[in-house]
Protein chains: 2
Amino acid sequence: MRPPVPSWKLAERIINGEPAALPRLLTRAEEGREEVRDALDLIHRNTGRAHVIGMTGVPGCGKSTLVTRLARAIRDAGRSLAIIAIDPSSPFSGGSILGDRVRMGDLAGDPGVYIRSAATRGAMGGLARGTLDAADILDAAGFDLVVIETVGVGQDEVDVVRASHTTVVVSAPGLGDDIQAVKAGVLEIADIHVVSKCDRRDAARTVTELREMLALGGGARHAGSGWTVPVLGTSALKEEGIAELLAAIDGHHRVLRESGALEGRCREIAERRMLKAAEEIVRENFARHREGRVASMTDRIVSRELTPHAAARELLRLSRAATGN
Amino acid sequence: MRPPVPSWKLAERIINGEPAALPRLLTRAEEGREEVRDALDLIHRNTGRAHVIGMTGVPGCGKSTLVTRLARAIRDAGRSLAIIAIDPSSPFSGGSILGDRVRMGDLAGDPGVYIRSAATRGAMGGLARGTLDAADILDAAGFDLVVIETVGVGQDEVDVVRASHTTVVVSAPGLGDDIQAVKAGVLEIADIHVVSKCDRRDAARTVTELREMLALGGGARHAGSGWTVPVLGTSALKEEGIAELLAAIDGHHRVLRESGALEGRCREIAERRMLKAAEEIVRENFARHREGRVASMTDRIVSRELTPHAAARELLRLSRAATGN
């Protein structure tokens, strides 16, 4: 049996345009193994070309269908794309809400489309960190666009979406107030709003509600960039609105570049990724010492000899020791 | 002007049964100020008596009304309680969904009830850490029960609920599949399910759905403890089901104690709190160095000289330096 190919070699192959190396490096990166660090270093130096798009919406909002249609439009325009699906209910992730109909369709076998399912997360979280490392790899592999599809609930998923250049928030018509409240944190970060299923009669109301929300200051993130957050209607049934969505995505990227806002957004992304990676290192060390030092500190917290905060400081000392410097 | 009372002195007063000192120490604890650490040390050594209950459910599920009714029943039984409301839409937090009707009612002025609103969180998160420190303070103050009310969405809020001895999940009748999917992570951790608004005709279906979910393995957290997760119906309108809820809360605490499962749960809570506190220290250091070292690392990530992971390791070194050991 041959020894496994080292990760840095997989990285080299990917940068040199060999997509066959993608699945193995993506898996290792998502798992966050220590030995993959050098490879991600090399990958990171070769990123910065792709337009990274976060696409989010609650389960059932129709975003997987939308992503499929969008992928078709991107391919028709002669561009390549990678999709990272981290919605566990997404058909791309092996879910079956919409069944095989949208699973791949005529995109299957097209080397200009790469679909990566990241439905699982490591035991210690790390969903955001792993997904963004995966986006780096797909960027370095040369895809023009990297679309990250998430269900948009939970801090980790919001972090992923915020780490995109362009955030598309998909809403279905007729969602109640409850769900809107749940989604409030995500609605605010949209660069583009899409109301799906616009063949439905109640879609117009949802469009109006989103426009009213934006008029009340929902577009604050874009102050000064010259970008006005659009509310677009799409219908997968009637195949409408997809070209407009792609035009808006491209338009947003152009405005980011031309206004100079792109740099600010890239800095924001870099900060978030740094923080996420630090939290993950702490969690890894927690897991590593769980049977030993962590267990004895836990005993002492339970018996009130130690506060959680004092234990946390000790945990950070362990984390620091583990960073090897 | 007199200098502010030191936090350790406030802690002493609280332990000695002077509730007048509560608001100041709670505020300082939630803000996570460094100088409050000694006080929380003292507080922590005096905890362990209160039964901490996490009560969660999406906005509009009726949980604030339920908490008010429950508070009345607890007082009628001659026991004291503190409520920490971290649902920003809760009337206890100054929200107005249900208005003044449930705000305090006949509980106002009763020294056996203490209501704390924690609607805001620090700039660096820390909602879970701050809330659990507040629960410690209210425990040390001698309240028999501490009820933490949360909206149950987002990792931080789930962390709070998981750090309770007893978790009550409130569902309203007729919530759609979307919201159920959103709530899935919370449904799993329930020790007690409540279906509110049981005067409504569609309540029976929600009760059945929850029971089916439990039959499919939803009570796995309780394996071996001898506890069977109940699904209770309540009606604030008809004032029904509250005594049964209180009996279930007490029953769960008794089973935890008698089966020995309480220790396991307390260890789990200690571990979570340790980890949350460590993450908060990292975020604080990130904020502290944001204009300096963090900014220069951000520059180097954006220019691809440094990976987010390498920057994270450096950030942890800064965190360690700041812990002063």
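## Two residues with positive phi

A:Glu239 is exposed in this predicted model, since 11 other C-beta atoms lie within 10 Å, and exposure is assigned at 12 or fewer. This glutamate is found in the loop between β7 and α9 (242–259) of chain A, and its phi is near 55 degrees, a positive value in a residue other than glycine.

A:Lys197 also has a phi near 55 degrees, again a positive value in a residue other than glycine, and it sits in the loop between β6 and α8 (203–218) of chain A. A:Lys197, however, is buried, because 23 other C-beta atoms lie within 10 Å, where 20 or more are required.

## The sheet

Seven strands of chain A form an open sheet with parallel pairing, in the order β3-β2-β4-β1-β5-β6-β7. At its edges stand β3 (113–117) and β7 (231–233) of chain A, each of which has a single partner strand, so one side of each is left without a neighbour in the sheet. From one strand to the next the twist averages 20 degrees.

Within this sheet, strand β1 (residues 51–56) and strand β5 (residues 166–171) of chain A pair in the parallel sense over four bridges, and A:Thr56 stands opposite A:Val169 in β5(A).

## Helices on the sheet

Helix α4 (residues 63–76) of chain A packs on the sheet, where it touches β1, β2 (81–85), β3, β4 (145–150), β5 and β6 (192–195) of chain A; the direction of α4 makes about 175 degrees with that of β4(A). Helix α5 (residues 127–140) of chain A lies across β1, β2, β3 and β4 of chain A, and runs at about 155 degrees to β4(A).

Definitions and conventions
Residues numbered from 1 in each chain as written. Chains lettered and ligands numbered in written order. Predicted model: local features only at pLDDT ≥ 70, side-chain atom pairs only at ≥ 80, totals over all residues. Pairing = 2+ DSSP bridges. Helix = DSSP H or I, 4+ residues; strand = E, 2+ residues; numbered from the N terminus. Axes fitted to C-alpha atoms, helices over the stretch in contact; angles between N-to-C directions. Contact = placed C-beta atoms within 7 Å.
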